[in-house]
Amino acid sequence: MKVNAMKEMLDTYLPKEINIDKYELDKIEEEENREKYSPFLWLRTIYLTEKNIKPKWYKNNKNIISKGFYDYKKLIEFPINFRRWRVFVKQRKWYDTKNKKVITTDNIEYKWSKAIDDLIFFCRHWLIPEK
């Protein structure tokens with residue numbers, strides 16, 4: 001999949017608070033979905049990494065430097081064409097050399113990332129007869 005098409009897709013499905021231009025595509029993994037009774041045939045996982053761009057409120061502060069990354073965090077899941085897509089984000093740690101503190105720029109958390117699991121629960125409960 002081309003990067004521009006991927007960017008447009010992510011721009012559509014990610015929350016409006018997330019600026020996709022701040023992230024670069026790290027990798028995409030695809031595997032067969034092995035969940036029992038799942039309506040999705042494939043699972044695709046997209047990994048994004050935050051670029052080394054200072055937040056706008058620290059842009060002129062020379063004491064703020066990039067100091068590594070946090071672990072990947074699941075941001076969202078959504079279905080497209082019988083595929084279950086997941087997006088994971090790795091955010092930068094910013095360090096204030098003057099105050100000796102680690103600063104988090106965005107504590108991103110998408111409240112509806114569990115929506116796909118609720119859909120699967122609904123499908124299992126109402127559409128698949130119990131034996």
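**Notes on a predicted model: Y47 and its surroundings**

1. Let me start in the middle of things: Y47 and F88 are both buried. Keep in mind throughout that this is a predicted model. For Y47 the relative accessible area is 13%, and this residue comes back in several of the points below.

2. Now the overall layout. Two helices and seven strands make up the protein, and from the N terminus the order reads α-β-β-β-β-β-β-β-α. Of the 131 residues in the protein, 33% are buried. If you take the contacts with a separation of 6 or more, 60% of them are between residues 24 or more positions apart. The accessible surface comes to about 9,600 Å², and carbon and sulfur atoms account for 51% of that.

3. On to the rings. How many aromatic pairs are there? The count comes to two. One of them is Y47 with Y72, an edge-to-face pair with 4.9 Å from centre to centre and 70° between the planes. That pair links distant parts of the chain, since Y47 sits in strand 2 while Y72 belongs to the loop between strand 3 (64–69) and strand 4 (73–80), 25 residues apart. Y72 is partly exposed because its relative accessible area is 29%, whereas Y47 is buried at 13%.

4. Y47 also pairs with F88, and here the arrangement is stacked: the centres are 5.6 Å apart and the planes make an angle of 25°. Again distant parts of the chain are linked, with Y47 in strand 2 and F88 in strand 5 (residues 83–90), 41 residues apart. Put together, the ring pairs join Y47, Y72 and F88 into a cluster.

5. Two lysines are worth a look next to the rings. K27 lies over the face of Y47, 4.8 Å from the ring centre. Over at Y95, the charged end of K67 sits above the ring, at 5.9 Å from its centre.

6. K27 has a second partner as well. It forms a salt bridge with E29, where the closest N and O atoms are 3.6 Å apart. Are these two residues buried, partly exposed or exposed? K27 counts as partly exposed, because its relative accessibility is 38%. E29 lands in the partly exposed class too, at 31%.

7. The structure holds three salt bridges, and the one between E50 and K22 deserves a check on screen, with 3.6 Å from N to O. E50 lies in strand 2 and K22 in the loop between helix 1 (3–13) and strand 1, so the bridge ties together parts that are 28 residues apart in sequence. Why does E50 count as buried? Its relative accessible area is 2%, and buried means under 20%. K22, at 24% relative accessibility, is partly exposed.

8. R44 and E30 meet in another salt bridge, at 2.8 Å from N to O. Here too the pair links distant parts of the chain: R44 is in strand 2 and E30 in strand 1, 14 residues apart. R44 is buried, with a relative accessible area of 18%, while E30 is partly exposed at 42%.

9. Then the loop between strand 1 and strand 2, where N33 is found. N33 is buried, because its relative accessible area is 13%. How far is the C-alpha atom of N33 from that of L43? The two are separated by 5.4 Å, although the residues are ten apart along the chain.

10. That loop, between strand 1 (23–32) and strand 2 (42–50), also holds L41. L41 counts as exposed because its relative accessibility is 53%. With W42 and F82, L41 forms a nonpolar patch on the surface, and the accessible area of these residues together is about 340 Å².

11. To wrap up, here is what I would open first in the viewer. Begin with the cluster of Y47, Y72 and F88, and add K27 over the face of Y47. From there, turn to the salt bridge of E50 with K22 and that of R44 with E30. Finish at the surface with the nonpolar patch of L41, W42 and F82.

Definitions and conventions
Residues numbered from 1 in each chain as written. Predicted model: local features only at pLDDT ≥ 70, side-chain atom pairs only at ≥ 80, totals over all residues. Heavy atoms only, no water. Patch = residues over 30% accessible without salt bridge, like charges linked within 9 Å, V, L, I, M, F, W, Y side chains within 5 Å. Areas by Shrake-Rupley, 256 points an atom, 1.4 Å probe, with all protein chains shown as cover. Salt bridge = Lys/Arg side-chain N within 4 Å of Asp/Glu carboxyl O. Helix = DSSP H or I, 4+ residues; strand = E, 2+ residues; numbered from the N terminus. Buried < 20%, exposed > 50% of the residue type's maximum accessible area, 1.4 Å probe, protein only. Phe/Tyr/Trp six-rings, centres within 6.5 Å; stacked < 30°, edge-to-face > 60°. Lys NZ or Arg CZ within 6 Å of the ring centre and 35° of its normal. Contact = heavy atoms within 4.5 Å.
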